[in-house]
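Work through the exercises below with the sequence and the model open side by side. Each task is followed by a solution in steps.

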Amino acid sequence: QVRLEESGGGSAQAGGSLSLSCVVSGDTRSIYWVGWFQQAPGKEREGVATIYNSGISSYGDFVKDRFYIARDNAKNMVSLQMNLLKPEDAAMYYCAASETNYMTAVQALYPDEYKYWGQGTQVTVSS
């Protein structure tokens, strides 16, 4: 079994920054991709950024050049640095892990490709 626990998040003003962290524990040998997904009220869950074991990453178009994902395999930790925050970035952010090895950059942002999920952490952005 794989478990994910998010931390970070909170509130920021537009233009500000926040950092999220996700610790992956349990049997991580089967995990290839770890990603961050956002879900705002009334909206579908959407891929924000994801990263492969090797460090290859994929980003949603709406966060490119603002958000950065990093992975520390030794610590089983994935972080998301969120800069230049916008009010529309406000959402619940979930960390997720996938056992699918080979995926395209687009496919890696599909929530359905991820089997394990954390409980989520709230991000609020005020204008």
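The exercises concern a predicted model, and they go from strand pairing to side-chain contacts.

**Exercise 1. Strand E9 and its partners**

Task: Find which strands pair with E9, and in which sense.

Solution.
- Step 1. Begin with strand E4, residues 33-39, which pairs with E9 in the antiparallel sense over seven bridges. Within this pairing, Trp-36 has Cys-95 as its bridge partner in E9.
- Step 2. Go on to strand E11, residues 121-126, which runs antiparallel to E9 and is joined to E9 by three bridges. Here Tyr-93 is matched with Thr-121 of E11.
- Step 3. Add E10, which is antiparallel to E9 over two bridges. Ala-97 stands opposite Tyr-116 in E10.
- Step 4. Check the surroundings of the strand: seven of the eight residues of E9 are buried, so E9 is largely enclosed by the rest of the structure.

**Exercise 2. The disulfide**

Task: Locate the disulfide, give its handedness, and state whether its two cysteines are buried or exposed.

Solution.
- Step 1. Searching the whole structure gives one disulfide. A disulfide is a covalent bond between the sulfur atoms of two cysteines.
- Step 2. The cysteines are Cys-22 and Cys-95, with their sulfur atoms 2.0 Å apart.
- Step 3. Cys-22 belongs to strand E3 and Cys-95 to strand E9, so the link spans distant parts of the chain, 73 residues apart.
- Step 4. The angle about the S-S bond is -80 degrees, and the link is left-handed.
- Step 5. Cys-22 and Cys-95 are both buried.

**Exercise 3. Val-24 in strand E3**

Task: Describe where Val-24 lies and which residues Val-24 touches.

Solution.
- Step 1. Val-24 is part of strand E3, residues 18-26.
- Step 2. Its relative accessibility is 7%; the cut-off for buried is under 20%, so Val-24 counts as buried.
- Step 3. Leaving out residues up to four places away in sequence, Val-24 touches Val-2, Arg-3, Leu-4, Val-34 and Asn-76.
- Step 4. For a C-alpha distance, take Gly-118: it is 94 residues from Val-24 in sequence and 9.2 Å away in space.

**Exercise 4. Salt bridges**

Task: How many salt bridges does the whole structure hold, and how exposed are the residues of three of them, Asp-27 with Arg-29, Asp-61 with Lys-64 and Lys-115 with Glu-99?

Solution.
- Step 1. The search finds four salt bridges.
- Step 2. Asp-27 and Arg-29 meet at 2.8 Å, N to O. Asp-27 is partly exposed at 32% relative accessibility, while Arg-29 is exposed at 74%.
- Step 3. In the bridge of Asp-61 and Lys-64 the closest N and O atoms are 3.2 Å apart. Asp-61 is exposed at 65%, and Lys-64 is partly exposed at 45%.
- Step 4. Between Lys-115 and Glu-99 the closest N and O atoms are 3.6 Å apart. Both residues sit in the loop between E9 and E10, 16 residues apart. Lys-115 is exposed at 54%, and Glu-99 is partly exposed at 32%.

**Exercise 5. Aromatic pairs and a charge over rings**

Task: Classify the ring pairs Tyr-32 with Tyr-52 and Tyr-94 with Trp-117, then find the rings under the charged end of Arg-45.

Solution.
- Step 1. The count for the structure is six aromatic pairs.
- Step 2. The ring centres of Tyr-32 and Tyr-52 are 6.3 Å apart and the planes are at 15 degrees, so this pair is stacked. Tyr-32 is in the loop between E3 and E4 and Tyr-52 is in strand E5, so the pair ties together parts 20 residues apart in sequence. Tyr-32 is partly exposed at 25%, whereas Tyr-52 is buried at 17%.
- Step 3. Tyr-94 and Trp-117 are 6.4 Å apart centre to centre with 80 degrees between the planes, which is edge-to-face. Tyr-94 lies in strand E9 and Trp-117 in strand E10, 23 residues apart. Tyr-94 is buried at 14%, and Trp-117 is partly exposed at 26%.
- Step 4. Tyr-94 and Trp-117 also belong to one aromatic cluster with Phe-37 and Tyr-114.
- Step 5. The charged end of Arg-45 sits over the ring of Tyr-94, 3.8 Å from its centre, and over the ring of Trp-117, 4.7 Å from its centre.

Methods. Residues numbered from 1 in each chain as written. Predicted model: local features only at pLDDT ≥ 70, side-chain atom pairs only at ≥ 80, totals over all residues. Heavy atoms only, no water. Salt bridge = Lys/Arg side-chain N within 4 Å of Asp/Glu carboxyl O. Buried < 20%, exposed > 50% of the residue type's maximum accessible area, 1.4 Å probe, protein only. Helix = DSSP H or I, 4+ residues; strand = E, 2+ residues; numbered from the N terminus. Pairing = 2+ DSSP bridges. Contact = heavy atoms within 4.5 Å. Disulfide = S-S within 2.5 Å. Phe/Tyr/Trp six-rings, centres within 6.5 Å; stacked < 30°, edge-to-face > 60°. Lys NZ or Arg CZ within 6 Å of the ring centre and 35° of its normal.
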